[in-house]
Amino acid sequence: MPLSRYDICVLPGDGIGIEVVDATLPLLEHVTRGAGYELRFATHPAGALHYKATGDALPEATFTAARSAHAILFGAMGWPEIRRPDGTEIAPQLDLRFRLELYAGVRPARALPGIALPLADPRARDIDFVLVRESTEGLFASVGHGVVIDDREARDTMVITRKGSERVHEFAFHLAERRRARGRPGEVTCVDKANVFASMAFFRKVFDEVAARHPGVRARHRYVDATALDLVCRPWTFDVLVTENMFGDILSDLAAGLVGGMGMAPSADIGDEHALFQPCHGSAPDIAGHGKANPTAMILSAAMMLDWLSGRHGDPRLAQAARRIETAVDAVFASGRMLPIELGGRDGTAAIAAAVMGNL
Ligand code: ATP
């Protein structure tokens, strides 16, 4: 049922997270103005600097607000020098993933027109795939549970469950079906290491069971090492990939690199009840405070949020707003007049956001 108001919990976080969120909110306000519904933003504190000031990285009030909102818009959190007493970094995004069961980490990689790509092969222009990273278990199930025994050995355990695998594979097949309806091949590649690890063989077994329920989508298997090679040599051959949490962590940065870097790569963490939208990059302390951050990843993540809300509430108005943002971003870079500082150009956060606004 379409709503007249969608509540968005905004968590800017740390460093450039705050800057790219600030650049994005006016664009969302602009595309939804006069559209017959309202996006109501409520900003809440969380992150490494908040931890430093208060001892709490994710206040319970912030968590409650995130859980009760229709969607969460997230900048970036973490700061290398601010750590917990055990030396680990502050990462409330992991707590949100686990506690809200945001099991599907969706990382689209699409070559934007006009952006120079690291691959010389002209087919790199056709890169358009989505990496789906399982986000609640795998090797990350060990976060906070790793052990060091007598300074002799350290252990982190990989956990793959039927429930965790089934839901992420289902998600990947549904996504491939939706993409096929829009003219994409309709294919899911399971990326694993089933030849070596029992956990990975189980991940693949569950994948095959889910694949059997989706005969209209082609199912493929690929080992993670071979996938790393293919993503560099022929990334344009992929449609949807689904993989374990740690493999996905690594391959999603590779995918971001293929389309021009962290500032170009949007992402979403989606569960059955909640969803969080954030750029692939972190807080980037080296450039924070200088207005140099590329806001494109955040802007495209906001478009993903509108798309997801549209599907969830059966409200085509939000999908239209998402398309307007994506088209405006494409137009900005296709014109060749904008080049982010990240890619060797001169355009910082404000200039890129203003150019997108100008194209809306
Ligand atoms: P995390 O572990 O939180 O993902 P990270 O250590 O991988 O963070 P990022 O903050 O993602 O690091 O960024 C790595 C580097 O890439 C930054 O230091 C910065 O120089 C560059 N970078 C990242 N995002 C952007 C952006 N939006 N615009 C420009 N440069 C960026």
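**Exercise 1.** Which oxygen atom lies 2.6 Å from an N or O atom in the side chain of D286?

*Solution.* The model is predicted, with local features requiring pLDDT of at least 70 and side-chain atom pairs pLDDT 80 or more, while totals for chains, interfaces and linings use all residues. Residues are numbered from 1 along each chain as its sequence is written, and side-chain values use heavy atoms, without hydrogens and water.

Step 1. The atom sought is an oxygen of the ligand; the pair is a polar contact (N or O atoms within 3.5 Å).

Step 2. A polar backbone atom of A284 is 2.9 Å from an oxygen atom of the ligand.

Step 3. Taken alone, the ligand exposes 620 Å², of which the protein buries 62% (Shrake-Rupley method, 1.4 Å probe).

**Exercise 2.** Classify the ring pair of Y6 and Y37.

*Solution.* Step 1. A pair of aromatic rings is described by the distance of the centres and the angle of the planes.

Step 2. The structure holds four aromatic pairs (centres within 6.5 Å; planes under 30 degrees apart are stacked, over 60 edge-to-face, the rest tilted).

Step 3. The centres of Y6 and Y37 are 5.9 Å apart and the planes stand at 85°, so the pair is edge-to-face.

Step 4. Y6 is buried at 0% relative accessibility, and Y37 is buried at 7% (buried: under 20% relative accessible area, 1.4 Å probe, protein chains only).

**Exercise 3.** Classify the ring pair of F277 and W308.

*Solution.* Step 1. The centres of F277 and W308 lie 6.0 Å apart with planes at 50°, so the pair is tilted.

Step 2. F277 is buried at 0%, and W308 is buried at 14%.

Key: A polar contact is a pair of N or O atoms within 3.5 Å; within protein, one must be able to donate a hydrogen and the other to accept it, and residues adjacent in sequence count only if both atoms are side-chain atoms. Buried means under 20% relative accessible area, exposed over 50%, partly exposed in between (1.4 Å probe, protein chains only).
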